[in-house]
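Colleague: I'm new to this one, so could you walk me through a single part of it up close? Pick a strand in the middle of things and take your time.

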Amino acid sequence: MPVKKNNFGKKVLVTGTSTGIGRCVVHALMESGFTVFAGVRTSADRKALLQMQTDCRRLHPLLLDVTDDEQVQAAVAVADQLGGKDGLFAVVNNAGISVPGPVEYAPLEEFRRAFEVNLVGQLRVIQAFLPLIRRGKGRIVQVSSALGRLAMPLSGPYASSKYALEGLTDSLRRELRPWGIRVSLIEPGSVRSAIWEKIDAQARGIQRALPEEMQKIYAPLAEPMTYIWKEAELRAVPPAIAARAVLHALHARHPRTRYLVGPDAYAVAALSTLVPARAMDWLLKMFLRKVRSSKC
């Protein structure tokens, strides 16, 4: 990707850069000439990020847990000091977690954790960095999910947090429009990432925690959904595709309000737009029944 000279001096904060989309976004921004504040969770992630860059003068890894007020404020102080009068060109809110499981038996603390990271954490970052964004007449890019349009069975905690993020971002975009601050949503489908291993581990843990009777009750959903998740992982697109969407949201004179990433994201968008809710319920029931009878 050719470096755009007009990006030199522009500073961007990216959260959740330890792996996957976030890590790829950092590389793409660096190659495009931006200076990047990269939020990571651990010192080991910080070291790994620095080792993967040949030119670290424009890369500033920060310990940044979006649920930690002190770390967020410390990151603001660093960005403010280094950004100077130009402030911050953009925030890319990428940090997020997946919490699978049936709504009936999802522990409340797990629901709270999903919302604390995927919604409140993004809001915490926006509120803290918005003064710097205003100073830089910049942009905000929120990484959501295709499941923020269409909730699948056993995805309640995650999907509901992403639905909420979509609403928050729509409100934010309309509120900031008078000041010329552009706000975009990235809606990835299946993207290659270490998150798949976490989903597998979480799903197994949830299944073990269910009473034996409930395991039997939810088997008609759990078995085909497990197969679907495995198939989605095999067909996942490279994170570089999501990074290109982020770059477009930062470069375009008139960025899109939403960017779909991956074929499954486009399919979900079409289904959620064109198919009535009751018809969608029936289609999902028949599809899961077919998957279970043929694959499980």
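**A close look at strand β4**

Modeller: Let's start with one pairing: leucine 13 has valine 91 as its bridge partner in β4. Keep in mind that this is a predicted model. Right next to that, valine 12 sits opposite alanine 90 of β4. Altogether, β1 (residues 11–14) and β4 are joined by three bridges and run parallel.

Now look across to the other neighbour. Strand β5 (residues 139–143) is also parallel to β4, and four bridges hold the pair together. Alanine 90 turns up here too, this time facing arginine 139 in β5.

Zoom out a little and you'll see where these strands belong. The sheet is open and has seven strands, in the order β3-β2-β1-β4-β5-β6-β7, with parallel pairing. At its edges are β3 (59–63) and β7, each of which pairs on one side only. From one strand to the next, the twist averages 15°. Helix α4 packs on this sheet and touches β1, β4 and β5, with its direction at about 170° to that of β4. Another helix, α5, packs on the sheet as well; α5 touches β5, β6 (182–188) and β7, and its direction makes about 160° with that of β6.

Back to β4 itself, residues 90–93. In a regular strand, side chains alternate between the two faces of the sheet. In β4 both faces are covered: Ala90 and Val92 are buried on one side, and Val91 and Asn93 are buried on the other. Following the chain onward, β4, helix α4 (residues 108–136) and β5 form a β-α-β unit, and that unit is right-handed.

What about the packing around here? Nonpolar side chains tend to be buried together in soluble globular proteins. The largest nonpolar core in this model has 32 residues, and Val12, Val14, Val26, Leu29, Val36 and Ile186 touch the most other members. At least two residues of this core come from each of β1, α1 (20–31), β2 (35–40), β4, β5, α8 (239–251) and β7 (258–261). There's also a second, separate core of 28 residues, with Val66, Leu130, Ile133 and Leu176 among them.

Valine 12 is a nice one to click on. Leaving out neighbours within four places in sequence, valine 12 is in contact with Ala90 and Val92, and its other contacts include Leu29, Val36 and Leu88. So if you want one thread to follow, trace valine 12 to alanine 90 in β4, then go from alanine 90 to arginine 139 in β5.

Technical notes: Residues are numbered from 1 along each chain as its sequence is written. This is a predicted model: local features need pLDDT of at least 70, side-chain atom pairs count only at pLDDT 80 or more; totals for chains, interfaces and linings use all residues. Side-chain values use heavy atoms; hydrogens and water are left out. Buried means under 20% relative accessible area, exposed over 50%, partly exposed in between (1.4 Å probe, protein chains only). Two strands pair if DSSP finds at least two bridges between them. A crossover is right-handed if, with the strands pointing away from the viewer, the path from the first strand over the helix to the second runs clockwise. A nonpolar core is a set of buried Ala, Val, Leu, Ile, Met, Phe, Trp, Tyr and Cys residues joined through side-chain atoms within 4.5 Å. Contact means heavy atoms within 4.5 Å. Axes are lines fitted to C-alpha atoms, for helices over the stretch in contact, and angles run from 0 to 180 degrees between N-to-C directions.
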